[in-house]
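Dear colleague,

I am passing on the structure we spoke about, and I would be grateful if you could look through it alongside the notes that follow.

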Amino acid sequence: MRGFLLRRAATVPLTLLGVSLLVFAATELVPGDVARIILGREASQASVQALRDELGLDRPWFQRYADWLGGFLTGDWGTSYTLGVPVQDLVVSRLGQSLLLAGVAFTVLAPVAVGLGLWAGVRHDRAADRVISVGGLAFGAVPEFVTGVVLLVVFAVNLRWFPSGAQAPEGSGPLTVLWHLALPALSLVLLCTGYVARHVRAGTAVSVESAYARAAELRGLTRGQVVRRHVLRNSTVPAASALGVQLQFLLGGLVSVELLFGYPGIGALLLQSAVDKDLPVLQSAAMVLGLLYMVIVLGADVAYRLLDPRVRLGAVAS
Amino acid sequence: MIAVDGLSVAYQGVEIVREVSFTVAPGRTYGLVGESGSGKTTLGRALGRTGGDITAGRISVDGTDVLALSPRELRAWRASSLAVVHQEAGAALDPTMRVGAQLAGALRVQGRPRGDVADLLEKVRLPGEAARRYPHQLSGGQRQRVVIAAALAGRPRLLVLDEPTTGLDATVEHEILDLIWALRADIGAAVVLISHDLALVGRLCDDVGVLYAGRLVEEGPAARVLSAPRHPYTKALIDSAPRIGADSVPAAIPGQPPAPGEAPPGCAFAPRCAAADDRCRTVPPGLADGARCHHPGARAVVPVPALPHRRQEVTPLIEVRNLTRAYGRTRVLDDVSLSIGRNEIVGLVGESGSGKTTLARAVAGLGRRGGGVITLDGAELPVEVGRRDPATRRRVSMVFQDSDASLNPSHTVRTILARALGGPERVEELAALAALEPHLLDVRPHRLSGGQKQRVAIARAFAGRPDLIVCDEPVSALDVSVQAGVLRTLADQQALTGVSYLFISHDLAVVCQLADRVAVMSGGRIVEEGPAERILREPRHPYTIGLLRAAGHEPSQRRRHVH
């Protein structure tokens with residue numbers, strides 16, 4: 001296991017380097033002048049040029065890239081072109097907000113989806129399974145901003161049970177924060193549950209019909225005992241990777257939900273910095289997200305290995 | 001005492017097992033023999049009240065009416081009185097749990113302490129440290145021992161062994177059967193052994209029941225059923241199994257068993273039986289004198305006399321020299337040399353992991369790189385099939401073990417063969433060559449039986465008029481009665497075309513029936529090589545002798561006379 005972790009950790013810097021190069025190249029290729037964007041259409045050519053000089057935009061790309069990379073590695077992430085605030089503070093605070101929303105959504109998603117998947121799998125091809133499978137598919141097919149709008153209209157605008165903005169006022173207690181996050185989190189849970197539940201259901205259905213489950217039943221165990229002792233662990237193996245995929249999505253792919261509920265997360269920041277060609281912000285946000293993605297993938301793989309000894313220990317006998 | 005009386009079992013309304021009755025006394029072993037589709041597994045499952053719906057009959061074990069038990073009573077009965085060992089030992093163990101924990105679970109059901117795990121392992125002759133292993137870290141034989149150990153956790157009154165050694169190597173099979181035999185007295189349970197292997201059942205069981213199309217067609221003491229079978233099917237089944245040193249070649253039973261629910265009105269075996277008359281086709285025979293037949297003692301299939309082994313001068317076709325292949329640090333082939341002559345059948349025998357498949361794949365141009373050379377007519381063959389030119393590629397073809405995986409499921413047989421031929425003209429001819437009925441040409445592989453699929457694969461292998469066909473366990477997945485027919489086809493086509501075979505099998509009896517020369521592989525090396533007759537008569541390597549013993553053939557008596 002230690003060797004596996006070391007090997008995987010060694011690939012992280014390389015991947016991040018690739019990410020930074022790709023993001024850098026993309027911003028280079030997109031037309032538009034950042035100085036012009038900052039100063040507006042009315043600004044004189046001279047002042048635009050002055051800003052270009054100040055930002056060092058006329059230097060060759062590799063110099064700018066090396067500058068940025070060196071700064072990033074030494075903890076000086078620079079200043080946002082458009083907002084004028086230190087990038088590090090900005091990215092860290094936005095990331096914190098995103099982690100909070102993703103965390104709330106995930107905490108609900110994981111047990112609900114795994115539970116539903118197990119239930120559907122144990123009773124596969126029966127009514128409960130049909131309802132869960134079709135329901136999951138239906139909610140998974142509706143984009144989160146559509147669900148979000150419906151939730152907003154029903155629960156925030158009409159019933160007024162929940163606030164329409166996800167951002168709690170400064171200094172609110174944890175319950176108030178949760179209350180504000182409830183609707184966006186719910187729209188995400190509805191979106192992702194079907195996917196995870198489907199994976200768990202498939203694993204469970206195979207496991208329930210397996211020879212070892214039948215053998216356990218023939219030893220005189222009840223159905224419940226068979227599920228608890230044998231099926232549970234075998235069917236959570238596919239859940240680990242499915243949950244990993246969803247967690248990645250929850251962290252970075254939330255632009256629409258963040259915009260809809262007016263929530264200052266890292267997705268919205270990434271989008272805005274890309275539109276503005278705010279390179280320092282874009283680069284740093286992409287790097288931080290990239291790092292987080294890799295940590296999640298690694299976590300899912302570790303969980304997978306812990307759950308399935310065949311992967312962990314390798315096949316000795318064929 | 002277990003008594004099964006008039007038991008019928010159905011799946012989704014189709015009767016798979018029909019009116020089966022038999023009794024087994026404690027300490028006795030009853031063998032249920034049948035080919036795939038005969039209903040033997042369904043019957044075995046019904047004994048533990050799992051699987052299909054029991055539509056009629058009674059099962060009583062030591063006076064308990066098993067079919068009348070409530071779910072709660074059924075669980076208690078299973079825990080106290082039943083033990084089942086299924087085929088595919090690996091699958092009966094939870095892959096995510098250590099062996100010790102699984103055995104402890106089985107002991108807990110019996111109210112026995114966890115500490116008894118060591119006792120159980122000792123009983124099945126496994127080292128104590130096996131408890132810390134996961135199932136995938138054990139060999140197939142070891143896994144089956146663990147399953148048997150779990151079955152011994154209680155004091156079962158009924159022990160059901162469903163194909164307990166299928167998929168295991170011959171020597172391992174021998175060990176497992178020895179173990180079961182040794183434990184049988186210790187357990188004192190009534191044992192039901194389910195198998196497709198009549199010879200094996202004959203060796204181990206006191207009584208035998210032969211299942212055909214869901215009915216018992218013959219029943220009696222094992223010695224009697226095997227030596228003097230009364231039902232034509234039993235007789236044909238015995239004759240279809242290859243035996244080392246037999247004076248007749250295995251004869252296939254023509255046709256196929258009826259599909260479930262499609263049994264004819266009279267005797268279910270009548271359409272395949274040479275002795276059948278009008279009465280057989282209309283009136284179902286009753287079980288009289290141990291056989292369910294109107295003409296007990298008749299022959300269903302005419303025996304085929306064995307051909308003398310050919311002796312001829314061979315000109316070399318393929319030469320394998322000093323071949324070495326490795327997976328990581330494991331050497332699968334270690335300096336292997338072998339030559340195959342024109343018009344020669346070379347049999348390659350070995351157990352799983354001996355390297356025989358790696359060698360076959362190397363000759364066919366599949367698999368990985370490594371040391372050594374393979375030459376065809378003196379010219380060196382490139383290692384990878386993709387680097388061989390089309391003409392060379394056509395000269396070596398292959399028949400795989402798993403025809404399900406090697407036939408494209410979305411094509412009809414006609415398309416499969418036409419593609420191999422490069423045009424639709426000779427398809428019928430090719431099909432006829434592999435004894436494939438013409439009406440099967442327009443169906444897709446999933447509609448075919450195992451034997452028919454393998455015939456398609458054989459026909460395809462002949463499409464390019466090859467010089468050599470590599471046959472990798474081509475009959476291992478087939479029932480014996482079907483296997484005999486496929487082997488016959490292979491032999492006939494060889495005699496007709498003069499093609500060479502590299503014929504790979506774990507089954508020495510099959511190899512010796514077909515091959516001119518036999519090479520025995522073990523641990524990545526060829527440990528013995530020679531004419532098939534000589535290998536049978538006077539094997540030299542201990543490993544070969546072990547293989548022959550495991551196949552039920554005692555080779556060494558005549559050896560003293562030779563030397």
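How many residues of chain B are in contact with chain A, and how many of chain A with chain B? In this model, which is a predicted one, 26 residues of chain B meet 24 residues of chain A. On the chain B side of that contact, helix 2 (71-81), strand 6 (82-85) and helix 3 (99-109) of chain B each contribute at least two residues, and the largest share, four residues, is that of helix 2 of chain B. Sorted by class, the side of chain B that touches chain A consists of twelve nonpolar, ten polar and four charged residues.

Within chain B, the domain assignment distinguishes domain 1 (2-96 + 151-225), domain 2 (231-305) and domain 3 (322-562). The C-alpha centres of domain 1 and domain 2 of chain B are 24 Å apart, and the contact between these two domains draws on 18 residues from domain 1 of chain B and 17 residues from domain 2 of chain B. On the domain 1 side, two or more residues each come from strand 2 (14-24), helix 7 (198-204), strand 9 (207-212) and strand 10 (215-221) of chain B, with strand 10 of chain B giving the most, six residues. That side of domain 1 of chain B has ten nonpolar, three polar and five charged residues.

Turning to the interior, the largest nonpolar core contains 236 residues, and those with the most contacts inside it are Val196(A), Val363(B), Leu502(B) and Phe503(B). Helix 5 (residues 87-122) of chain A provides the largest share of this core, 15 residues. Leaving aside residues up to four places away in sequence, Val363(B) touches Ile318(B), Val320(B), Ile374(B), Val396(B), Val470(B) and Leu502(B).

A last point concerns helix 14 (residues 413-421) of chain B, in which Val413(B), Ile416(B) and Leu417(B) are buried. These three residues lie on the same side of helix 14 of chain B, because the arc that they cover around the axis is only 90 degrees. Among the elements that cover the buried residues of helix 14 of chain B are helix 15 (427-433) and helix 16 (450-462) of chain B. Just after helix 14 of chain B comes Gly422(B), which adopts a positive phi of about 85 degrees.

With best regards

How values were computed:
Residues are numbered from 1 along each chain as its sequence is written. Chains are lettered from A and ligands numbered from 1 in the order in which they are written. This is a predicted model: local features need pLDDT of at least 70, side-chain atom pairs count only at pLDDT 80 or more; totals for chains, interfaces and linings use all residues. Two residues are in contact if their C-beta atoms, placed from the backbone, lie within 7 Å. Ala, Val, Leu, Ile, Met, Phe, Trp, Tyr, Cys and Pro count as nonpolar, Asp, Glu, Lys and Arg as charged, and the others, Gly among them, as polar. A residue is buried if 20 or more other C-beta atoms lie within 10 Å of its own, exposed if 12 or fewer, and partly exposed in between; C-beta atoms are placed from the backbone. The arc is that of the directions from the helix axis to the C-beta atoms. A nonpolar core is a set of buried Ala, Val, Leu, Ile, Met, Phe, Trp, Tyr and Cys residues joined through C-beta atoms within 7 Å. Domain bounds come from an automatic or database domain assignment.
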